[in-house]
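User: Please take me through this structure one question at a time. I am new to it, so explain each term when it comes up.

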Amino acid sequence: MLKKAVFVLVLFFSTAAVFAGNDKNSIQIKGSDTMVNLGQAWAERYMEENPGDFVAVTGGGSGTGLSSLISGTCDIAMSSRNIKDKEIALAKQKGINPFEIKVALDGLAVVTSPANPVGKLTLDQLAGIFTGRISNWKEVGGKDEKIVVLSREVNSGTHVYFKEHVLRNNNPNGKEEFAPSALLLSSSQAIADEVAANSAAIGYYGMGYISGKQKTIAVAKDDKSGYVEPNIENVLSGKYPISRPLFLYTNDQPQGLIKKFVDYALSKEGQDIVVKTDFVPAKK
Amino acid sequence: MRKIKEFFIEKLIFICGLASIFFVALIFLFLTKEGLAVFKYVSPVDFLAGKSWYPISEPAQLGILPLVFGSLMVTLGAAIISIPIGVACAVYIAEIAPSKVKEVLKSGIELLAAIPSVVLGFIGMVTLVPWVKTVFHLPTGLTALSGSIILAFMAMPTIVSIAEDALYSVPKSYKEGAFALGATHWQTIYRVLLPAASSGIVAAVMLGIGRVIGETMAVMMITGNAAVIPQSILVPVRTLTATIAAEMGEAVVGSEHYFALFSIGIVLFIISFIINVTADSFLHKRR
């Protein structure tokens, strides 16, 4: 009886020790749903090239990733928005010093169903639609149909970016909000599915989610400038008005294994993966 | 030696018995501590009666009225659908069905209870949502009604099995008396058995509703999550549970948003506590 107990205890501690030992060559990455596919692609290639290192990537949203970094449960946070001052202050309190690395750019595509005749909108019209000021498609040249506004949940960096840069038109003191009647869906894929099935719906997400089942809207800064399609060239040249940087955040300057991974992401090979997953490289 | 062993085992079981109460107390304490902190930022009246929920804005607007109405609307819809079907099903199983059919029905209902809610939500999203959209000519099928229908499926097993139990425990002499007076089978069920089992049936309904109001995953997937006070059942709503589930990941620990989500937890806790106590009191009335 006693022997058994001792045996179990020894087993328990030795497994714990093995796991703790493993920790040194594993990295936990968490955050932006927009970047999950990219992070996963990096991790897979990186592990192929560095057998023995282990990289785990999970999503959950930019805010989720940053709060994990702050609470020390992940090594790298992926974020599709800049870290907020509030979050930096909280991190400092916990002895964490967030370090920002820009790894890619992303164009936010505004999408509708292919059945919708509207194909181009200005930023002001977009703001009107998403705040609820414009509620019928005929006001922007479409059919007489109520607009169904789709947005991501508040834990999404995409939601925050879209609010700050489209609804509030980059005005930091803006008070505009998403219309209360906007449907908040929990993933970009859910928005893609609803837009594909609903001819009155409009939504937005990272360019990586564009497929043949949705129609992208060409966007103009104002009614004087030209309408621009969301694609890699237009984002890179800066012509497409709704594009944003994507970041990795680490605690302090990356070191050791974390540095090795970050360097890989920024290498030529890493940036090729960025292009393959439909994002735009941070450096050319 | 045997006595010592006996002593230890007794104490061990005693501790296990206390553990659940201990954990409930701890959870409640934690919930209260974290939840009440929100009132440093927003007054209780603004919190409970505020009409806008913009938790990540500066300053944050933390009014949960639309969320409360969202939860109530979905629950009410689910109750209207599941109570008649559930009670009728219980009557059929307890009184009318031949024993073979009864076996099949009972195991079928148990299977319904075993389906994970995320699976029901997924099925609802793919089949029910487009159906609701076309049948009612709505701009979107992600509505309170879709949520109600799926939740009705979840409440049904609870309602059926407890209501059936209540019908069984009506003394046989009641039924025999009714028959002796020349009542038909339906008259007996309607006039004698249902009133006699009513407290048990009410308890069944309350427990079913308790299940509905706490359900999260399926409603989050199919109700659209728009935080507006619903004017009808055919519009998108955002429920209390879905709000916590969708936003907990983002909320910075120690922020007003974080505390507000815990307060929503308290509101939910109070609602389900009231429902459970009501159900319990009806169950005890029966004995």
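User: Is A:R133 buried or exposed in this model?
Analyst: Three classes are used: buried is under 20% relative accessible area, exposed is over 50%, and partly exposed lies in between (1.4 Å probe, protein chains only). The relative accessible area of A:R133 is 52%, so the residue counts as exposed.

User: What pLDDT must side-chain atom pairs have to count?
Analyst: Residues are numbered from 1 along each chain as its sequence is written, while chains are lettered from A and ligands numbered from 1 in the order in which they are written. Side-chain values use heavy atoms, without hydrogens and water, and this is a predicted model, where totals for chains, interfaces and linings use all residues, local features need pLDDT of at least 70, and side-chain atom pairs need pLDDT 80 or more.

User: Which residue forms a salt bridge with A:R133?
Analyst: A salt bridge is a side-chain nitrogen of Lys or Arg within 4 Å of a carboxyl oxygen of Asp or Glu. Side chains of opposite charge can pair when their charged atoms come close. For A:R133, the closest N and O atoms are 3.6 Å apart, and the partner is A:D124.

User: How many residues apart are A:E177 and A:K163?
Analyst: These two side chains meet in a salt bridge, 3.7 Å from N to O. A:K163 lies in helix α6 of chain A and A:E177 in the loop between α6 (157-167) and β7 (183-185), so named because helices (H or I, at least four residues) and strands (E, at least two) are DSSP runs numbered from the N terminus. A:E177 is buried at 14% relative accessible area, and A:K163 is buried at 5%. The pair links distant parts of the chain, and the separation in residues is 14.

User: Which residues are joined into one network by salt bridges that share partners?
Analyst: The structure holds 19 salt bridges over all chains. One of them pairs B:E247 with B:R238 at 2.6 Å, and both of these residues are buried. The network through shared partners consists of A:R45, A:E48, A:E49 and A:E269.

User: How many residues of α6(A) are buried?
Analyst: The buried residues include A:H159, A:Y161 and A:F162. They pack against several elements of chain A, among them α3 (62-71), α5 (123-131) and β8 (201-206). The helix is mostly covered, and of its 11 residues the buried count is 9.

User: Which residue is the bridge partner of A:A109 in β8(A)?
Analyst: 6 of the 6 residues of β8(A) are buried, so the strand is largely enclosed by the rest of the structure. Two strands pair if DSSP finds at least two bridges between them; β6(A) pairs with β8(A) in the parallel sense over 2 bridges. β4(A) pairs with β8(A) in the antiparallel sense over 5 bridges, and the partner of A:A109 is A:Y205.

User: How much area do chain B and chain A bury between them?
Analyst: Contact means heavy atoms within 4.5 Å, and 23 residues of chain B are in contact with 30 of chain A. Buried area is the accessible area (1.4 Å probe) that two parts lose on being put together, summed over both. Of this area 56% is on carbon and sulfur atoms, and the total is about 2300 Å².

User: Which side chain of chain B meets A:K86 in a salt bridge?
Analyst: The rule finds 2 salt bridges across the interface of the two chains. In one of them the N to O distance is 3.6 Å, and the partner of A:K86 is B:E256.
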